[in-house]
Amino acid sequence: MSDPTFRNYSSEQAKKYAEARGSYGSKLVELMFGCGPGNATRDLALSFKAAVGVDPGSEMIRAAQGLGGLTMTDQPISYHVASAENCASAPGTEDGVDLLTAAMAAHWFSMPEFWAEAAKVVKPGGTVALWTSSSFFCHPATPNAQEVQKALFRLELDALGPYELPSNRISRDMYDNLPLPWDVEPVVLAFPQADFIRHEWDRDGVLTNGEDFFFGGGEYTVQELEEGFDTASMVTRWREDNPHLVGTEEDCVRVAMREVQEASGLEADGKLRTGSAKVLLLFKRR
């Protein structure tokens with residue numbers, strides 16, 4: 001299904017999304033070697049001579065254009081309003097691309113159409129890279145970690161569960177059920193299953209390296225965590241359905257952050273170590 005939330009964001013919502021979501025980190029970029037407000041595009045552009053970012057939301061593109069970004073040859077990133085299923089229409093892709101990426105977005109695509117489009121726009125030998133984050137976890141060393149995690153799950157599963165769409169569930173399940181080129185009709189032969197690579201880290205909050213979240217983890221104040229949750233599509237839909245609670249102490253995010261703070265014993269300016277499970281899917285163009 002198409003995304004019913006992000007593409008309809010206002011300019012203020014798009015700006016807050018870009019600020020709260022931040023960078024995807026050098027580890028992911030190194031390993032790989034949707035635009036949204038361009039966070040992933042800006043990271044990746046530094047490794048390419050040219051970069052094009054597309055998103056179906058005009059305000060997301062406007063936010064990306066405001067933030068800018070340069071390639072390795074100091075050329076500005078080109079941003080355009082276009083869907084993933086029609087990305088080959090974006091100026092700058094006429095001669096094909098070496099890398100087509102979607103950061104935390106592929107679960108919103110019509111995958112049969114996307115794979116057909118990817119076969120058109122990715123050069124032979126090029127790569128499609130799709131990645132997403134799953135549930136949010138506190139670090140196992142967090143004081144009273146079990147109760148802190150229960151508070152986080154009450155937000156994700158209890159408060160926001162009724163606002164989860166099938167696409168959200170595909171992301172939460174770490175793309176286990178995302179339709180791949182050989183799953184769609186007609187099958188897209190341009191991306192052989194034999195060349196497919198899947199990487200995943202920290203599934204179910206179990207640390208892959210036994211010490212810390214592999215990437216995307218960090219230390220955040222309760223206020224910073226709240227700002228991050230504010231950008232989630234399910235939170236947006238909850239607030240649209242409960243406008244009388246937005247900004248009050250009964251807002252679903254505010255309630256969860258209060259429970260997290262109480263369970264962990266954090267001071268107002270204290271920081272919580274957190275992270276998410278991650279998955280990266282890589283497809284080589286025949």
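**Exercise 1. Which backbone oxygen lies 2.8 Å from a polar atom of the side chain of Thr231?**

Before starting, a word on the model. It is a predicted one, in which local features need pLDDT of at least 70 and side-chain atom pairs count only at pLDDT 80 or more, while totals for chains, interfaces and linings use all residues. Residues are numbered from 1 along each chain as its sequence is written, and side-chain values use heavy atoms, with hydrogens and water left out.

Solution.
- Step 1: Find Thr231 in the loop between helix 8 (222-229) and helix 9 (233-241). Helices (H or I, at least four residues) and strands (E, at least two) are DSSP runs, numbered from the N terminus.
- Step 2: Check its surroundings. Thr231 has a relative accessible area of 3%, and buried means under 20%, exposed over 50% and partly exposed in between (1.4 Å probe, protein chains only). Thr231 is therefore buried.
- Step 3: Look for the partner. The oxygen belongs to the backbone of Gly228.

**Exercise 2. Take stock of the whole protein.**

Solution.
- Step 1: Count the elements: the protein has ten helices and seven strands.
- Step 2: Turn to burial. Of the 286 residues, 48% count as buried.
- Step 3: Consider the surface. The accessible surface is about 13,600 Å², and carbon and sulfur atoms account for 51% of it; such areas come from the Shrake-Rupley method with a 1.4 Å probe, and for residues only the protein chains shown count as cover.
- Step 4: Look for disulfides (pairs of cysteine sulfur atoms within 2.5 Å). The structure holds zero of them. Cys87 is buried at a relative accessible area of 6%, and Cys252 is buried at 6% relative accessibility.

**Exercise 3. Describe the largest nonpolar core and the elements that build it.**

Solution.
- Step 1: Recall the rule: a nonpolar core is a set of buried Ala, Val, Leu, Ile, Met, Phe, Trp, Tyr and Cys residues joined through side-chain atoms within 4.5 Å.
- Step 2: Apply the rule. The largest core contains 35 residues, and Leu100, Phe114, Trp115, Val128, Leu130 and Phe191 have the most contacts inside it.
- Step 3: Trace the suppliers. At least two residues of this core come from each of strand 3 (97-103), helix 5 (111-121), strand 4 (122-138) and strand 7 (271-284). Helix 5 gives the largest share, six residues.
- Step 4: Note that another core, of 23 residues, lies apart from this one; Cys138, Val235, Trp238 and Val253 are among its members.
- Step 5: Zoom in on Phe191. Not counting residues up to four places away in sequence, Phe191 touches, among others, Trp115, Val128, Pro181 and Phe283, where contact means heavy atoms within 4.5 Å.

**Exercise 4. Where does Val279 lie, and which residues does Val279 contact?**

Solution.
- Step 1: Val279 sits in strand 7 and is buried, at 1% relative accessibility.
- Step 2: List some contacts. With neighbours within four places in sequence left aside, the partners of Val279 include Leu130, Thr132, Tyr175, His199 and Trp201.
- Step 3: Compare sequence with space. Val279 and Met104 are 175 residues apart in sequence, and their C-alpha atoms are 9.8 Å apart.

**Exercise 5. Examine the salt bridges.**

Solution.
- Step 1: Begin with the rule: a salt bridge is a side-chain nitrogen of Lys or Arg within 4 Å of a carboxyl oxygen of Asp or Glu. The whole structure has 18 salt bridges.
- Step 2: Take one pair in a helix. Glu147 and Lys150 form a salt bridge at 3.3 Å, N to O. They are three residues apart in helix 6 (residues 145-159), so about one helical turn separates them. In general, an α-helix has 3.6 residues a turn, so residues three or four places apart point the same way. Glu147 is partly exposed at 32%, as is Lys150 at 39%.
- Step 3: Take a pair that joins distant parts of the chain. Asp212 forms a salt bridge with Arg273, with the closest N and O atoms 3.0 Å apart. Asp212 is in the loop between strand 5 (197-201) and strand 6 (218-221), whereas Arg273 is in strand 7, 61 residues apart.
- Step 4: Finish with a network of salt bridges, which links Asp176, Arg198, Glu200 and Arg203.

How values were computed:
Polar contact = N/O pair within 3.5 Å; in protein donor to acceptor, adjacent residues only side chain to side chain.
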